[in-house]
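Me: I am new to this structure and would like to learn how to read its strands and the places where its chains touch. Could you take me through a few features in turn?

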Amino acid sequence: MLESEYQEHNRFFLNMGPQHPSTHGVLLIVLEMEGEYVLDPQPVLGFIHRMHEKMGESRPCQNFMPNTARMDYVCALPYNHGYVSLIERKAEIEVPKRAEYIRVITSELNRIASHLLWLGAYLLDLGAFTPILYGFDDREHILDILESITGSRLTYCYYRFGGVYQDIDDTFIAATRAFVKRLRKRYSIYEKLVTKNIIFIKRTENVGIVSPDMALRYGMTGPNLRGSGIAYDVRKNEPYSVYPEFDFEIPVGEQGDCLDRYMVRVKEIEQSLRIIEQALDRLPDGPIRAKVPKNIKLTPGDCNFAVEAARGELSYYLVGDGTSTPYRLKVRVPSYSNLSCLPELGRGILLPDLVSILGSFDLVIPEIDR
Amino acid sequence: MGEENKRSQITPDLDAYAAHLKSESCQPVIEQGREYGEGPLLRMKLADTIMKLCQANSLWPMTFGIACCAIEMMGTGMARFDISRYGSEVFRPSPRQSDLMIVAGTVNKKLAPVLLTLYEQMPSPKWVIALGNCAISGGPFKVKENYNIIEGADKLIPVDVYVPGCPPRPEGLIEGILKVQEKITGIRHPIPQNRHPKSPLKKVKGLRVK
Amino acid sequence: MVKKPKDYKEDFLHQGFDANRTDYSQRGYHLEVALNVNQVRKFAQTAYDLGFYIVFVAGLHVRPDEGQDKENSGLEVVYQFARYDQLYRIKARVSAPKSLELPTISDIYQGADWHERETRDLYGVVFDGHPNMKPLLLAEEDPDFHPLLKEEEKLKFLAEVSWPSAVPEVAKKEAEPETGR
C-alpha cells in the first residue's frame with residue numbers, strides 16, 4: 001500500500017515545448033513522468049498550422065508555389081518538385097531533358113543541405129556544440145551555389161510547370177564540382193568528431209528501436225524506415241524524373257535504433273554526391289522550359305504524385321474540377337507519420353532518450369502542421 | 001448542410017482575439033513605459049549612458065524560432081555571420097535570462113497565448129525584433145481565407161524593430177540588431193565592430209557573392 | 001531481389017470489394033475501390049494482411065446528389081495505401097452518412113489515428129471508436145469550426161470532380177459540367 005502511494009507521489013506532468021531549445025519547431029509534448037522515466041508522451045500539434053491546404057483550394061494552381069517551399073523550408077526543392085510534377089502529370093506536360101537534370105541536381109544539393117542541418121541540430125540536442133558549426137559551414141557553400149541561380153537562400157520557388165525558371169551556367173557547374181570535392185574531404189572530420197565518439201555511440205545505440213511491423217502500421221517512410229531494414233525509397237521504387245538513369249544505392253540499417261538512422265543519413269549524403277556527379281557529367285543541352293499555356297485547366301478527376309523528400313515519402317493528392325483552381329489539394333508529409341509513433345515508442349523510456357529519439361526522427365514541425 | 005456553412009458566425013475574429021489577449025495581460029507593461037518597466041527611483045545621466053551602452057552591447061536573444069526565419073536566425077549565430085561579435089554571445093532558451101525577443105515566424109491563434117506568456121516572463125528592460133514578413137503583418141498568409149493567423153506580432157506585443165524579408169538574409173537580422181542598439185543608445189555602432197568577412201566562394205570566378 | 005510484380009486486384013475482388021484497375025501514368029495509383037460504410041474495417045484488415053502501409057486519410061466535400069441528400073452528407077473520405085516492396089497504390093473512397101460517423105481503423109493501422117483526428121478537425125467527420133477525438137491542428141476552444149468545408153456556391157457534384165469513365169453508381173443523373181467557375 002505504502003509503495004504504491006509513494007509511486008503516485010512521484011508522478012507529474014511536464015510540458016516539453018512549445019518553445020524549447022531544440023530546433024525542430026513549435027511542438028508541445030505533454031509528458032507524464034515518473035521520476036526520470038516517461039510514462040506517456042503525447043504530442044500536441046497545431047502551433048504553426050498555416051492553412052496551406054485551404055490556400056491550395058482558393059487560388060489558381062500557379063499561385064500555390066510559394067506555399068510548397070514554406071511547408072518544409074529546410075529541404076524546399078523536393079516539395080517544389082512534387083507539386084510541379086503533379087500538375088505536369090495532370091495536364092500532361094512534357095518536361096525537357098535539361099530541365100529534368102537541373103531539377104535532380106538542385107534537389108540533391110538541397111537534400112545534402114538538409115542532412116547537414118539535421119546532423120548539426122541533432123548533435124546540438126545531445127549537447128555537442130561543435131558539429132553544428134561545421135555542418136552550417138558546409139551548408140553555406142550549398143546556399144551560395146543555389147542562391148546564384150534561384151535567388152533565395154532558403155525558401156526556393158525555382159521550378160515552374162514545364163521546367164525551371166532560369167538556366168544554370170558554367171560558374172554553377174564549376175562551383176558544384178568544387179563543392180563535391182570539398183565535402184568528400186570533410187567526411188573524415190565528421191567521422192572522427194561524431195561517428196567514432198564514444199559518448200555519441202552510447203547515447204544512440206539501442207535507443208528507440210523501431211520494428212518493421214511498427215513502421216508499417218504507422219506508415220513511416222524515409223531514413224527512419226530504412227534504419228529498420230526496409231529498403232524503400234521512392235526514387236527507386238516509384239521512379240520519377242530522370243532518376244532511373246543514375247546509379248546509386250539505398251543505404252539500409254539493421255536494427256532500427258538511433259545510430260542506424262544516423263548512419264543511413266550520413267551514407268545518403270555520399271549517394272547524393274554520386275548522383276550530382278553523374279548528372280553533371282551527362283548534362284544535355286536544350287531548352288529549360290516547355291511551352292505551357294498561361295492558365296492551366298485541371299481536368300476533372302484526381303491525381304497523385306509521390307517524391308522522396310529528405311524526410312521520407314511526400315505525396316500530393318489533387319482533385320481537379322475543370323478550372324485552374326484545384327478542388328482539393330492534400331499534402332501527405334513524411335514527418336506526420338514519423339512523429340505519430342511517438343506515443344508507442346516513447347513509453348517507459350528515460351527523458352534524455354526521448355530527446356535522442358526526437359532528434360533522430362528529423363522532424364520539421366511546420367510541415368506536420370501544414 | 002446549409003446551417004453548417006454559415007461561416008461568418010463561426011470564423012474566429014482574429015483581431016478581436018488578439019485585442020482580448022493584449023488587453024487582459026499586457027496593459028500594465030505598456031502603460032508604465034516601454035523600456036524600463038516601473039522606472040528607477042533615481043536617474044543620473046552618466047549612469048544612464050553607461051547602462052545603456054552596456055545593455056546595447058550585450059543583448060541576449062531568446063530563441064523563439066517558430067518557422068522558416070528560425071533557420072536564418074540560427075545561420076546568423078553560426079560561424080559565417082556570427083552574431084556574437086555584436087554582443088549576442090548566447091541564445092538563451094529561458095525568457096528569464098534574456099532581454100531581446102526575436103519573433104521569427106508566423107504567430108498562430110494557438111501560439112498567441114504562448115507568445116504573451118513568454119513576453120511577460122522576460123524581465124524589463126526588454127526589446128522585440130519582428131523578423132520576417134509573417135511577424136510584421138502575417139506575410140504570405142495574410143489572405144482572404146485566413147482563419148488562423150494573427151496578422152503581425154505587433155497586435156500582441158509592442159515591437160521595436162521590423163526586419164522585412166521572406167526570410168530576411170542574416171545580414172538583415174544583424175542590421176536589425178544594430179538598429180536596436182541605435183534605439184537604445186542613440187548611436188549606431190556603440191563600440192566599433194568587426195567587418196564582415198569575404199565569402200569563401202569568392203575564389204570561383206564570376207560567382208556573384210559579397 | 002527482383003520479384004515479379006503482382007496485381008492485387010484479385011485479392012480485393014475476392015473479399016467482395018468494388019475494385020477497379022486504373023491507369024497509373026494518368027492518375028498515380030493502380031487500384032480504385034469504392035467502399036460502403038460497413039466495409040471500411042474489413043478493407044483495412046485486408047490491406048494490413050496483404051502488407052500495405054497507410055499513406056493518408058483525407059476528406060473531400062462535394063455536393064450531395066439530388067434525391068440522395070437524405071442519406072449522403074456530401075462528405076467523402078479518401079484512404080490511400082501503398083507497398084514497401086513493390087510499386088502499387090490503392091485509393092479507396094467512402095461516403096460519410098448523414099450522421100457523419102464512420103468506423104475507425106486506428107486499431108488496425110495506428111498511423112490512421114492522427115489522420116482521422118485531422119479529418120475531424122477540418123471536415124467534421126467523426127470516427128466511431130477512436131480513442132481520442134480531440135482537435136489536433138486547430139485550437140481546443142473551437143471544436144465545431146471546420147475550415148475546409150466549402151461554401152454553398154462553390155460545391156460541385158462528385159461526378160464533376162471525377163474522371164469521366166469512373167462515374168460512381170450512386171450518381172443516377174447525368175454529369176452536367178457547370179462551366180464558367
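Reply: What follows is a short walk through some strands of chain C and chain A, and then through two contacts between chains. Please keep in mind throughout that this is a predicted model.

Me: Where should I begin in chain C, and why is strand β5 of chain C described as largely enclosed?

Reply: A residue counts as buried if 20 or more other C-beta atoms lie within 10 Å of its own. In strand β5 of chain C, which covers residues 89-97, seven of the nine residues are buried, so the strand is largely enclosed by the rest of the structure.

Me: Which way does strand β2 of chain C run relative to β5(C), parallel or antiparallel?

Reply: One reads this from the bridges between the strands. Strand β2 of chain C (residues 31-35) runs parallel to β5(C), and five bridges join them; C:L35, for instance, has C:V94 as its bridge partner in β5(C). Strand β4 of chain C (residues 72-83), on the other hand, is antiparallel to β5(C), with eight bridges between the two, and here C:N72 is partnered by C:P97. The connection from β4(C) to β5(C) is a hairpin that passes through five residues.

Me: How many residues lie between the strands in the hairpin of β2(A) and β3(A)?

Reply: There are two residues between them, and A:G35 in the turn has a positive phi of about 65°. The strands themselves, β2 (residues 28-34) and β3 (residues 37-44) of chain A, pair in the antiparallel sense over seven bridges, with A:E32 facing its bridge partner A:D40 in β3(A). β3(A) also pairs with strand β9 of chain A (residues 349-350), again in the antiparallel sense, over two bridges, and there A:V38 stands opposite A:I349.

Me: How many residues of chain A are in contact with chain C, and which element gives the most?

Reply: For a contact between chains, one can count the residues on each side and then ask which elements supply them. Here 37 residues of chain A are in contact with 29 residues of chain C. On the chain A side, β6(A) gives the most, with five residues, and that side divides into 13 nonpolar, 12 polar and 12 charged residues.

Me: What does the contact between chain A and chain B take from each chain?

Reply: That contact takes 34 residues from chain A and 40 residues from chain B. The largest share of the chain A side, seven residues, comes from α6(A), and the residues of this side divide into 17 nonpolar, 10 polar and seven charged.

Note on methods
Residues numbered from 1 in each chain as written. Chains lettered and ligands numbered in written order. Predicted model: local features only at pLDDT ≥ 70, side-chain atom pairs only at ≥ 80, totals over all residues. Buried ≥ 20, exposed ≤ 12 C-beta atoms within 10 Å, placed from the backbone. Helix = DSSP H or I, 4+ residues; strand = E, 2+ residues; numbered from the N terminus. Pairing = 2+ DSSP bridges. Contact = placed C-beta atoms within 7 Å. Nonpolar A, V, L, I, M, F, W, Y, C, P; charged D, E, K, R; others polar.
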